[in-house]
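User: Please take one part of this structure and look at it closely, in a way that a first-year student can follow. Begin with a single pairing and work outward from there, so that the part can be seen in its surroundings.

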Amino acid sequence: MSLAGGCHEHASEQGPKFGARGLGVQRGGRAVLEGIDFALDPGELLELRGPNGSGKSSLLRVLCALMPPAAGELRWRGEPVRAGDARFQRASAYLGHADGIDADLGVAENLHFAARLAGQEASAAQVDAALSQVGLAGAGPLAVRSLSQGQRRRIALARLALRRCDLWLLDEPHSGLDAQAATQFDGLLRAHLDGGGIAVVATHHALDLQGRTLRLDA
Amino acid sequence: MERTWSTQREGDGRVPGWLAYASPARFDPLAARLAPWFLGAAAVLACAGLYVGFVLAPTDAQQGEVYRIIFIHVPAAWMSMFIYLLMAMYGALALVLHTRLSSMMASALAPTGALFTVLALVTGALWGEPTWGTWWVWDARLTSELLLLFLYLGFMALEAAIDDPRRAERACALLALVGAINVPVIYFSVRWWNTLHQGASVSLTAAPSMASVMLAGMLLMALACWMYTIGVALVRVRVILRERGMLPGRRA
Amino acid sequence: MTLARELQQSFAAIVRQDVLRAWRRRGQVLAGLLFFVIACSLYPLAIGPDVQQLRSLAPGMLWVAALLASMLSVTRLFAREFADGSLDQLLLSPHPLAWLVLAKVCAHWLTSGLPLLVLTPLLAQQYGLPLASSMALAASLLIGTPVLSLVGAVGAALTLGVRGGAVLLCILVLPLCAPVLVFGAAAGAAADAGQGMAAELSLLGACLALSLLLCPLATAAGLRIAAE
């Protein structure tokens, strides 16, 4: 079920959809990573592995254009990506370390807001469906304040399920999830990839999916 | 691998000649060579200007010897505003071209700008006391200088408060730009406020009519301040480059 | 959905969410208003109860108190988003960030500037200001407080997450708000003196127009810098 005005486009071009060439990442004014290259086609998964402090989170922030790269460039569908690039932002979704959930509002309110911010309209049925996909069926009217850390993480994952975008950039999606929720999320990710989406995931967990791995050892 | 400055543009290798000096590694030796010349020129011009102002220029009929402080007050006020505009220009360069050296130049200029603002305020007070009987006068120029001082100090406070040097540079660049757009508004509003409340009675801008000698003296002092600013900024920016580790290691 | 409708939706969503949140945390908003009330009450205590003197000083003092109250409340403009990671989601929206910032500032004004306005005629009574003059003062605040929110937003973006942020924000923003203070207080004084305040109000209007144009862009740039 995709949203009205959803962001799926037919992958009609040849060549990689999402790629980086000679990417360099800085943190606090110092170079953390250099010479990152990759090219991803629809349906491909890239796992970022490395110890704490190796720059996984910083690299993800560069990949979603929140941070400009220190060197190199990023390309989406053959066009270079800049900060504030609306075309790229409609097609991508980011999940950071922090959930990005407003604790003062309700669960459904959060998801409706996220949809509007992304330029989409979500009906109540679509919000409920997204919540069911992460195991929070019927949690719509609840206040976020009353939920646990793991449940809040799941709301952030429901946001991904609601938006249905081509590119997922995820920073440790499993953090705070119990075994059952983690399995549900893996299913979600598998469905996304099978549907032609691309995912770049920084994780400590071994993902049970076929994908390439980029090791970022210091 | 040598860490040099980087831009977002596709590397085509060729940049205009002057832009090449935005590389810290090339700028540093140039600055080292030029700084002493500027400081020397500043010293010479200052001596000349002070000689003209304090010895050659005639005594004013109304204000006596006190008016001579104008030779320091006015150039200092000019410089304080000019330096802020320069900082804003470097800030704009830093934000558009993503060069770190531009924002470091802005940071290097800030303390000098603040110094000239303080100098303008102090000399204004020294002029006001014998002339009007009070140490502080709410005239348009002094009030603008006071607000300008707050802008400079705010810039320096922001730079000191942010830990990440890169974020500090870019935030300060934006602040300088925003402030520069505001400076004409502030100046206009202060002048408007001044005429509204006081009329034309008290004004430090009511300087004695300018004989050409006096004008020459002020221009010499202004040039001296300008040379001093450049020299000191070059020295300071070299220190900042080292502090932030922007130079590729010590040369053997 | 057309782009215009999308932009309208996101603007309305942000305003709605912020106003809702302010309502659910009314204590914070009321505390800011209480600060305004207390600050206004301090001046007569310090200067003395001479009604004539207080009346002539009223526009200026009320304006200064409004300015300080506004500075204190603007520190919370982006604080929550920065703390819980929502700022990233805001930055990743396909809509122009300046537009979203405008929505946030609008919501902020509705929850802090507008209540100040409503209280002003009441507080002006403490200064012996007649009702007509205090309404005129409120009119000057109506045009001026949005400017304070807009300029404050730039400061809020620059000092996001910085230690000692609130004081630093005040240091940065207060000099930039000097023109608004000058024009606003002059408007109130002119109205009380029986002269027209058209000139002052149009100057305030010009400040508002300029800040509506420039401040959201500057704030957006500041937010991107803070999130890097």
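Analyst:
**From one strand pair outward**

In chain A, strand β1 (residues 18-27) pairs with β2(A) in the antiparallel sense, and 7 bridges link the two. This is a predicted model, so everything said here describes a prediction. As one point along this pairing, Gln26(A) can be found opposite Ala31(A), which belongs to β2(A). In general, the strands of a sheet are joined by backbone hydrogen bonds, in either a parallel or an antiparallel way.

The pair belongs to an open sheet of 4 strands in chain A, whose order is β2-β1-β4-β5 and whose pairing is antiparallel. At its edges are β2 (30-40) and β5 (79-80) of chain A, each of which has a pairing partner on one side only. Helix α1 (residues 56-63) of chain A lies across β1, β2 and β4 (71-76) of chain A, and the direction in which this helix runs makes an angle of about 125° with β1(A).

The chain that holds this sheet has 6 helices and 9 strands. Chain A has a radius of gyration of 17 Å, which agrees with the value near 17 Å that a compact globule of 218 residues would have. The C-alpha trace of chain A extends over about 45 × 40 × 30 Å along its principal axes, and 46% of the 218 residues of this chain are buried. If one takes the contacts in chain A between residues at least 6 apart in sequence, 72% of them join residues at least 24 apart.

Among the helices of chain A, α3 (residues 107-117) deserves a careful look, because 11 of its 11 residues are buried, so that the rest of the structure largely encloses this helix. The buried residues of α3(A) include Glu109(A), His112(A) and Arg116(A), as well as Leu111(A) and Phe113(A). The cover over the buried residues of α3(A) comes from two chains, and includes α4 (124-133) and α5 (149-163) of chain A along with α1 (3-24) and α5 (86-91) of chain C. Just after α3(A), Gly119(A) adopts a positive phi of about 80°.

The place of α3(A) beside chain C leads on to the interface. In the contact, 26 residues come from chain A and 24 residues from chain C. On the side of chain A that touches chain C, α2 (86-91) and α3 of chain A each supply at least two residues, and α3(A) gives the most, with 4 residues. By class, this side of chain A has 14 nonpolar, 6 polar and 6 charged residues.

The partner, chain C, has 10 helices and 0 strands. Its radius of gyration of 18 Å is close to the 17 Å that the globule rule gives for 228 residues, so chain C is as compact as a globular protein of that length. Of these 228 residues of chain C, 51% are buried.

Chain C also meets chain B, where 21 residues of chain C are in contact with 22 residues of chain B. On the side of chain C that touches chain B, at least two residues come from each of α7 (131-158), α8 (165-176), α9 (178-192) and α10 (198-227) of chain C. This side of chain C is made up of 17 nonpolar, 2 polar and 2 charged residues.

Technical notes. Residues numbered from 1 in each chain as written. Chains lettered and ligands numbered in written order. Predicted model: local features only at pLDDT ≥ 70, side-chain atom pairs only at ≥ 80, totals over all residues. Rg over C-alpha atoms; globule rule 2.2 N^0.38 Å. Buried ≥ 20, exposed ≤ 12 C-beta atoms within 10 Å, placed from the backbone. Contact = placed C-beta atoms within 7 Å. Nonpolar A, V, L, I, M, F, W, Y, C, P; charged D, E, K, R; others polar. Pairing = 2+ DSSP bridges. Axes fitted to C-alpha atoms, helices over the stretch in contact; angles between N-to-C directions.
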